[in-house]
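Visitor: I would like a close look at a single part of this model, namely chain B, with attention to how its strands are arranged and how it meets its partner chain. Please take me through it in one connected account.

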Amino acid sequence: MADSSTLNAFVAIVRRDLLLAYRHRAELINPLAFFVLVVTLFPLGVGADVALLKRIAPGVIWVAALLASLLTMDSLFRSDFEDGSLELMVMSPHPLSLLVLGKVTAHWLLSGAPLSLVAPLLAMMFNMEAEAIKILLLTLLLGTPVLSLIGAIAVALTVGLRKGGVLLAILVLPLYVPVLIFASNAVDAAMAGFPVSGQLYMMSAMLFLAITLTPWPTAAALKMSLS
Amino acid sequence: MKSNSIVFEARQLSCVRDDRVLFADLDFRVTGGQVLLIEGPNGSGKTSLLRILTGLRLPDEGELFWCGSSLEELDSAFYQHIAYVSHGNGLKDDLSVEENLRYARAFGESTLTIDQALEKVGLMGYQDTPVRYLSAGQRRRLALARLLCMKKSLWILDEPFTSLDKKSIATFEQFIQSHVADNGLVVMTSHHDTGLPAEIVQKIEL
């Protein structure tokens with residue numbers, strides 16, 4: 001029943017989540033601040049060796065982005081679960097997997113997208129070249145939605161638990177590893193002047209696989225958490 | 001819809017929770033135009049039964065039928081007909097009254113406009129108030145307004161009269177009666193004595 005009324009519901013969910021986030025603007029800063037702080041602490045920790053910093057920059061930025069995105073995951077279904085609106089979402093006549101995709105879209109717009117946009121500034125701090133920064137931004141734009149989509153499955157599984165935080169990290173981190181490997185490898189290759197299309201294609205494939213496949217297990221896990 | 005075309009039926013329902021049998025072999029049959037009132041002491045499984053009826057929870061045994069088809073087959077098609085008001089109300093504290101209703105209305109066909117629904121439950125003038133500032137009774141009324149503006153034939157209500165004042169209870173009982181008169185179905189739990197006419201009410205004791 002994927003018709004215009006389902007699209008209405010999808011848009012309503014995205015709009016409501018963006019509006020709710022706007023009412024809590026201060027909380028939006030948290031993951032960004034975490035991201036910026038972690039990345040800026042590295043030069044202080046490893047010393048001001050320009051060549052070394054440049055070499056570790058892609059890895060540092062990507063690991064920080066990954067952890068910052070993990071930090072925001074827990075809130076994805078939490079408040080909906082607590083106030084009962086998740087039940088109403090499950091009980092709507094529309095396919096739950098599409099509604100879940102709406103939740104994740106809003107979540108990515110509020111976490112992954114701002115992280116990706118801040119990253120080039122941080123990359124400049126590490127003295128990365130423009131070409132490599134471009135690839136870094138691309139990998140973040142391709143990779144962070146994958147993190148949100150995969151994370152959603154684990155969040156849906158743990159939302160019913162009172163202390164699901166650590167379990168969430170343990171469930172999700174192994175699945176984040178391929179994204180991290182391909183992304184930081186792409187930026188490394190770009191810095192060395194090698195072609196990166198292979199890695200980017202691979203990441204695009206991961207993104208499309210995640211968009212098409214993850215909403216189903218997420219929806220099923222949500223139903224399980226509610227029963 | 002022809003009169004009495006809607007039948008909601010349960011056969012041999014059982015629910016086990018933490019190794020305790022809450023109820024077993026429960027049968028009922030409600031048709032359009034009837035209210036099913038579920039009574040029982042605290043902890044007797046009223047809310048669990050309602051969650052089973054909504055499909056949120058699976059019965060440990062037994063099956064549910066909507067107009068002759070099993071709920072398992074119907075899956076999400078069943079949800080076109082059903083509206084559920086739980087303890088939690090399902091409202092967003094940080095959104096205004098109107099925003100909450102507008103969000104709810106995006107999920108299906110609606111019969112009333114937002115203003116009409118608010119008028120009916122006496123929340124006119126609160127459109128822009130964040131739900132956070134409403135009293136418990138007003139929240140309940142907003143949850144009921146959501147019910148009124150959606151076009152659903154089966155209402156499943158968990159203690160709908162909690163924290164409502166006497167006047168609101170009477171008004172809401174009228175809404176239930178007119179919904180039922182319109183060939184609708186209501187399944188509800190209540191600790192209060194309802195003022196609903198006995199001929200439309202079917203009672204189950206858990």
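**Chain B: strands and interface**

Guide: In chain B, 4 strands form an open sheet whose pairing is antiparallel and whose order is β2-β1-β4-β5. The edges are taken by β2 (20–31) and β5 (69–70) of chain B, each of which has a single partner strand, so one side of each is left without a neighbour in the sheet. Please keep in mind throughout that this is a predicted model.

Within that sheet, strand β1 (residues 7–17) of chain B pairs with β4(B) in the antiparallel sense over 5 bridges, and one residue pair that can be located here is Arg11(B) with its bridge partner in β4(B), Glu63(B). On to the next pairing: strand β4 (residues 61–66) of chain B and β5(B) are also antiparallel, over 2 bridges, with Trp66(B) standing opposite Ser69(B) in β5(B). β4(B) and β5(B) form a hairpin that has 2 residues between the strands, and Cys67(B), which lies in the turn, has a positive phi of about 50 degrees.

Another group of strands in chain B pairs in the parallel sense. Strand β3 (residues 34–39) of chain B pairs in this way with strand β8 (residues 185–189) of chain B over 5 bridges, and Leu36(B) has Val187(B) as its bridge partner in β8(B). β3(B) also pairs in the parallel sense with strand β9 (residues 201–205) of chain B, over 5 bridges, where the bridge partner of Glu39(B) is Glu205(B) of β9(B).

From the strands we can turn to the surface that chain B shares with chain A. The contact draws 25 residues from chain B and 27 residues from chain A, and the two chains bury about 2300 Å² between them, with 60% of that area on carbon and sulfur atoms. On the side of chain B, the residues that lose the most area to chain A are Lys92(B), Tyr103(B) and Phe107(B), which together account for 30% of what that side buries.

Lys92(B) also appears among the charged pairs, for it forms a salt bridge with Asp83(A) in which the closest N and O atoms are 2.9 Å apart. The count of salt bridges between chain B and chain A is 4, and 11 residue pairs are found in polar contact across the interface, with both residues of a pair at pLDDT 80 or more. The elements of chain B that give two or more residues to the side touching chain A are α1 (46–54), β6 (82–85) and α3 (97–105). Sorted by class, that side of chain B has 9 nonpolar, 9 polar and 7 charged residues.

It remains to say how confident the predictor is in this picture. The mean pLDDT of chain B is 87, and 98% of its residues reach 70 or more. Among the elements of chain B, helix α2 (residues 71–74) has the lowest mean pLDDT, at 80, whereas strand β7 (residues 154–158) has the highest, at 91. Where pLDDT is low, the predicted coordinates should not be read in detail. For the complex, the predictor gives an ipTM of 0.85 and a pTM of 0.89.

Technical notes. Residues are numbered from 1 along each chain as its sequence is written. Chains are lettered from A and ligands numbered from 1 in the order in which they are written. This is a predicted model: local features need pLDDT of at least 70, side-chain atom pairs count only at pLDDT 80 or more; totals for chains, interfaces and linings use all residues. Side-chain values use heavy atoms; hydrogens and water are left out. Contact means heavy atoms within 4.5 Å. Buried area is the accessible area (1.4 Å probe) that two parts lose on being put together, summed over both. A salt bridge is a side-chain nitrogen of Lys or Arg within 4 Å of a carboxyl oxygen of Asp or Glu. A polar contact is a pair of N or O atoms within 3.5 Å; within protein, one must be able to donate a hydrogen and the other to accept it, and residues adjacent in sequence count only if both atoms are side-chain atoms. Ala, Val, Leu, Ile, Met, Phe, Trp, Tyr, Cys and Pro count as nonpolar, Asp, Glu, Lys and Arg as charged, and the others, Gly among them, as polar. Two strands pair if DSSP finds at least two bridges between them. pLDDT is the predictor's confidence in each residue, from 0 to 100.
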